[in-house]
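Reader: I am in my first year and would like a close look at one part of this model. Please show me how its pieces touch one another.

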Number of protein chains: 4
Amino acid sequence: MAAGEVARAGEERIRWAGAQMEVLGRVAARLAEERALAGVRIGACLHLTAETANLARALVGGGAEVMLCAANPLSTQDDVVRALNAGGGVRASGRRGESARARLRALRAVLASDPQLILDDGAELIAGAARARGRQRSLLAAAEETSAGLITARALHGEGRLPCPVYAVNESRAERTFNDRFGTGQSTLDGILRATNLLLAGRTVVVIGYGPTGRGVALRARGAGAVVIVCEVDPMRALEARMEGYEVLPALVAAERGDVFITVTGSRNVLRAEHFARMHDGAVLANAGHFDVEISLSDLGAAARERESVRPLVERYTLADGRRLNLLAEGRVVNLAAGEGHPAAVMDISFALQALCVERAARASEPLAIGIHPVPEEIDRAVAALKLAALGVEIDAESDEQQRYRTLWER
Amino acid sequence: MAAGEVARAGEERIRWAGAQMEVLGRVAARLAEERALAGVRIGACLHLTAETANLARALVGGGAEVMLCAANPLSTQDDVVRALNAGGGVRASGRRGESARARLRALRAVLASDPQLILDDGAELIAGAARARGRQRSLLAAAEETSAGLITARALHGEGRLPCPVYAVNESRAERTFNDRFGTGQSTLDGILRATNLLLAGRTVVVIGYGPTGRGVALRARGAGAVVIVCEVDPMRALEARMEGYEVLPALVAAERGDVFITVTGSRNVLRAEHFARMHDGAVLANAGHFDVEISLSDLGAAARERESVRPLVERYTLADGRRLNLLAEGRVVNLAAGEGHPAAVMDISFALQALCVERAARASEPLAIGIHPVPEEIDRAVAALKLAALGVEIDAESDEQQRYRTLWER
Amino acid sequence: MAAGEVARAGEERIRWAGAQMEVLGRVAARLAEERALAGVRIGACLHLTAETANLARALVGGGAEVMLCAANPLSTQDDVVRALNAGGGVRASGRRGESARARLRALRAVLASDPQLILDDGAELIAGAARARGRQRSLLAAAEETSAGLITARALHGEGRLPCPVYAVNESRAERTFNDRFGTGQSTLDGILRATNLLLAGRTVVVIGYGPTGRGVALRARGAGAVVIVCEVDPMRALEARMEGYEVLPALVAAERGDVFITVTGSRNVLRAEHFARMHDGAVLANAGHFDVEISLSDLGAAARERESVRPLVERYTLADGRRLNLLAEGRVVNLAAGEGHPAAVMDISFALQALCVERAARASEPLAIGIHPVPEEIDRAVAALKLAALGVEIDAESDEQQRYRTLWER
Amino acid sequence: MAAGEVARAGEERIRWAGAQMEVLGRVAARLAEERALAGVRIGACLHLTAETANLARALVGGGAEVMLCAANPLSTQDDVVRALNAGGGVRASGRRGESARARLRALRAVLASDPQLILDDGAELIAGAARARGRQRSLLAAAEETSAGLITARALHGEGRLPCPVYAVNESRAERTFNDRFGTGQSTLDGILRATNLLLAGRTVVVIGYGPTGRGVALRARGAGAVVIVCEVDPMRALEARMEGYEVLPALVAAERGDVFITVTGSRNVLRAEHFARMHDGAVLANAGHFDVEISLSDLGAAARERESVRPLVERYTLADGRRLNLLAEGRVVNLAAGEGHPAAVMDISFALQALCVERAARASEPLAIGIHPVPEEIDRAVAALKLAALGVEIDAESDEQQRYRTLWER
């Protein structure tokens, strides 16, 4: 395709996504009207997709300058990058499948532009800013999208090295519900189906990790007819999984029963040599966690006598005893690598939250303290109310009498 | 039945419940061994059931003196009261269906014993102590079981009148999950089935209020095959209900569609004249909230031209136009009034938390500050771990390497 | 209570059930208007409950004489029997817990009245008529309610001894859906909860037998939050269970995992010594099949060193090694013995089918051939349409063009 | 790609599918060993996919000659066709997106080869043979895969024009369960997600038609978190949908509420002008029925003032009042057109049934009567048992005593 055609395809993709991002759309309209971000420099390390493009344009519409690099080279949509750069106000740098080195270069360029606000997905800009504190003169605040990134940010804060206040977008209630549970739940299974075309009904799916995301993955796997087993190290989460009707097992026991394994722990090496040794022939391995360290690729490689690509994004490892394990997307986050990533409607919520946090930080009369800050509850509620309106759902309001009652103690 | 026989029946009921309260059982064994509560005076206003009896005995086993009155006269199990009083260390006062006046008298007697620790279910002892501050000389702390009670406690605290620090047992994660979602979810539907013997499949159930309890009620109603509609005033909760696949409607619209209405809001008059005017003939009205104010009985009485009892716990109101609405248990909390209350396995969790909070308060070297305190996370985790053991569920532990990874930022 | 009071209580129970039996109500109105059964003698062996009372009265209203005996002495509602006999046209004989001998006597009395039509629940009247062929001169047809009864009827037919044509009411599509799946599904779990007050969430429920009824039981157990395991000897049914997301295991393996075991096979001794030997302490045993032969009571008795009643309808067997197994309702069908039996709305469908089959047989110009006959499809459809109307559900009709298209082959 | 590369890609696709078709694999091994189809000429009109390739090779392995044409040009996988023709024994003719005329030509060529056995998907070969009776001298039997095709076959039989006995593969219990409910259920939603990347949670999905396939679609839509509304003209099916917890509405009412509409009726024009007039902006229209006549494209075209392609397989119709309706895959069957069609594991069941029916017809000592024949129950059971083995599921066998009991009437 010619460059123009590519950009046009990207433009259409952006518009299709935009049509499903009604919350961000309403926020964008107000930002534009108020020129709320006039002259603000924003640096962002996000998945370079059609949804991100809509966020970037909403910020630009409010007056900001936005510079973008890729959180994950496997999720980059090249036509969208082309379309963004063809429009105005946004500089996006990234290419699907680019090398680690190329990606790092782009990330450094974003930091070098001395952004006032950071949008992060994995805390890579935040960590970069921590290393190069002196050079990030203008930095006011950041908003972080992932729980993995917040672990990093908190660790930095613990060492006194956090470069700016960070909004924990990922921990907002709206985000937890939409992005983690419903968004990743659907898109993880969607990615696995696209990669494998498996029938899930009747299969045993082992979900390792029962945080908000694992919970969504388990829910959707069950909704697709699978027998679902949950593995979890936290007793409270394990108990909750069990109470919701899942079988809960140690991973070594589950290893013998699963047809499909999905890691979503935020930890590393949760599937490793001892698990591979017990899995049956044909098992499928997928990771839905942020980093590609949850399935030990070194253990898998060491156990295999042969390795071949059998479908796009499916690599078959043949073990010494002849059993074959199918690894999806090289152990990278499967919803982004093998699917289209989050549905636009999910990112709608996340990015409306990001835009509102950025606006608040940009407009704050006093700077926020260094530290991890929850998304203010009124932003959460505003986003939920806009989303209900977008879905056409009406709800009741409390009467004055009921409000009084709620805070009254002497009845 | 002769008194002895009644006590024996109560004793059997207590033992049956005890057999399902394995977490409390293990806690009780340790308290007894350590004589952890030797000489402590505990006053409790709880549902006088077989499960409460097991809690009282666990405390007595640890050395405490326990005095009990009823949180709700409709839930009192007379044989259990008899059995408790026939044993040692516990004084229990209450009778199923006793008058408001009789119940109040018992409540005052508990306060008059000058308890050091309070176990409350609706904050009635706490509020009583607030009114009579001077006389509660020994009061160290309280543990409150319900969200309604915590509203009261917080209101008192807001006015500077809270008489002691209060553990918010109801807001602990274990409690939210078990008691509110799974416990009340099952027992509310169970109470409705016992009162009506309805077939839920194919019926439309309207759940008003989507807090932790409403969520459990909706989940179980759907699990029983009903079409479930949710009404909610909080946009975030409303949105969550919708994302979980429920239809969300204003209550006036839902009023026209429901076959069964279940209020669980913590508010008052959520079903009132305007809703009754729209309901269809034969609709069933039940309340799963703590207080009997969610369905407006005065509006219902005013709208009815006739009122008769058609089954135990079912009162039929015939409206002026001939439509008949069936009110369950006089609008009192239906799982307690029409069923057996929470399954023992649920109360096991709540009461283990209560016992551990009481122990902590009794053993604290320094007094806790006045205010509402969350249940300490280690108590929550300990209870979850004991419960998993009771269910025979094993889980993995994080490796040292994984623990390090979780707190590491530079990867 | 005085006899009059008992009859009045029974009358109220009949009316409450009647209010939920709208399909039968509409059929009854037409039968009465047309005097469709004038002078017809009907003998029935059914559960003597409020729902059956409504059927009997619908037939009497159409002009029939009805004589009733009990299909199961544990399900008999004494007040209903009293109310029926106090009204006109029906003679009902039975008492809750009556002896096998008393029940047999009543059954023989029904046959001795030389009925023209039989309504059966377990084929006991049919089998009785087979034995006493000569004396059943007037017998035109029977309608059988259970799959267990149809096995008997088919066996009789195989031996050339079936005394009359039999409508397989239980195999009608409406019946399969309502009575077996939804009715027994809900009421079986309801019976178990009433007997035990267990919390099902988090528990492992083993459903043995995955016919229409077992399927309903499994669905509701899952809907209540249990981990559900299915055991089944038919490969097609076993496969269907697995595709619906249940774990499918041999019963001996499941025996080690279950907290609650529910047999619903139509076979015998499906739980026996070898299974009891593997169950864990506290396991609950319930039967949802028609006959009380699915759990081997003789094996259980032989394995136990002690046996005591711990709650109404719960008998605890303590085995030699100290494990305790809790048998519900002596292994009799648990929804009838421990609950209130099928909800009225379910029996509404069954009994409307029965009434319409009886009407068809009574009005037939030519006798039906000896054999097992399916319920005619138009009766099935008529019942479904009446039920939708009762639920307030409207549906579309096919257009003429669409009807033509459906039968057209050349497109 | 060069031709050889294309064939290699097709070969890999065939092998990946084959690895998941264990039932067919076992059947194929036996057919090969027994040379069960030596010299038999088989003509097939099926979707030209990797799964069909495995069936064709299983037949060829048994000694048959197989000639293939396409049931739907949108589902043809060109690389698979290439690979098949590069191998031996199979002649496959078809190209993705080929013209109706080209497809018809291929279909006639299959008939011209005078097949002894026919495998059909839509009864096009059967209907062709009916028209050209004289020329189909060798035709022994056919197996039909779809319910739409069976309607045609029955209509032909009603007119006395059916050219041969036809096995109703689609009506076998195994097929109903796998192909219709679980297979099409999953793949229809998968196709819609791939075409749109919608988030289903929180959306309203209207499923029109509640036969076995519609039921699967509804189940999976609910499993994905959607609010599901069912429309159905048959009262029994409508009632079943309602009892399973779906809202059931006339299509005109549902038209106002849906976000996604899925037709699966086997009828025509089920969505037409009057429905489009009520739908809201952004609604998505998909068809899961066999033929592309369920959504009236002429009505949609007439109502639109503009029409543009917005994503691959998504065409946006802008109506006169500005509302935009998104039609997927031109109203063709969406799981095949927008997804990868049925998962291999589903087709495994269908094609094992087809292979066994073909074998039976080829080996029959006496010809089958002209007419529609159910798949023999023992074939159904054999396939289920093989599938359980493939899933690693073991089940119990009835004991001799239990078998006797099942057929015994005098207990």
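Author: Here is a walk through the contacts, from domains to chains, with one residue at the end.

This is a predicted model, where local features need pLDDT of at least 70, side-chain atom pairs count only at pLDDT 80 or more, and totals for chains, interfaces and linings use all residues. Residues are numbered from 1 along each chain as its sequence is written, while chains are lettered from A and ligands numbered from 1 in the order in which they are written.

Start inside chain A. Its domain 1 covers 3-175 + 343-391, and domain 2 covers 182-337. These bounds come from an automatic or database domain assignment. Taken over C-alpha atoms, the centres of the two domains of chain A are 30 Å apart. Domain 1 of chain A gives 11 residues to the contact, and domain 2 of chain A gives 12 residues. Two residues are in contact if their C-beta atoms, placed from the backbone, lie within 7 Å. On the domain 1 side of chain A, helix α7 (residues 147-158) supplies the largest share, three residues. Helices (H or I, at least four residues) and strands (E, at least two) are DSSP runs, numbered from the N terminus. By class, that side has five nonpolar, six polar and no charged residues. Ala, Val, Leu, Ile, Met, Phe, Trp, Tyr, Cys and Pro count as nonpolar; Asp, Glu, Lys and Arg count as charged; the others, Gly among them, are polar.

Now look between chains. Chain A and chain B meet through 43 residues from chain A and 43 residues from chain B. Five helices of chain A each bring at least two residues to its side: α7, α8 (173-196), α10 (235-243), α16 (377-391) and α17 (400-406). The chain A side divides into 26 nonpolar, five polar and 12 charged residues.

Chains C and D come next. Here 43 residues of chain C touch 43 residues of chain D. A rotation of 180 degrees, with 0.0 Å of shift along its axis, superposes chain C on chain D (RMSD 0.0 Å). That is the relation of a two-fold axis. The fit is by least squares on the C-alpha atoms of residues with pLDDT of at least 70 in both copies. The copies meet through the same surface, because 100% of the interface residues of chain C are also interface residues in chain D.

Finish with A:D234. This residue sits in the loop between β8 (227-231) and α10 of chain A. A:D234 is partly exposed, with 17 other C-beta atoms within 10 Å. A residue is buried at 20 or more such atoms, exposed at 12 or fewer, and partly exposed in between, with C-beta atoms placed from the backbone. The C-alpha atoms of A:D234 and A:Y210 are 8.6 Å apart, although 24 residues separate them along the chain.
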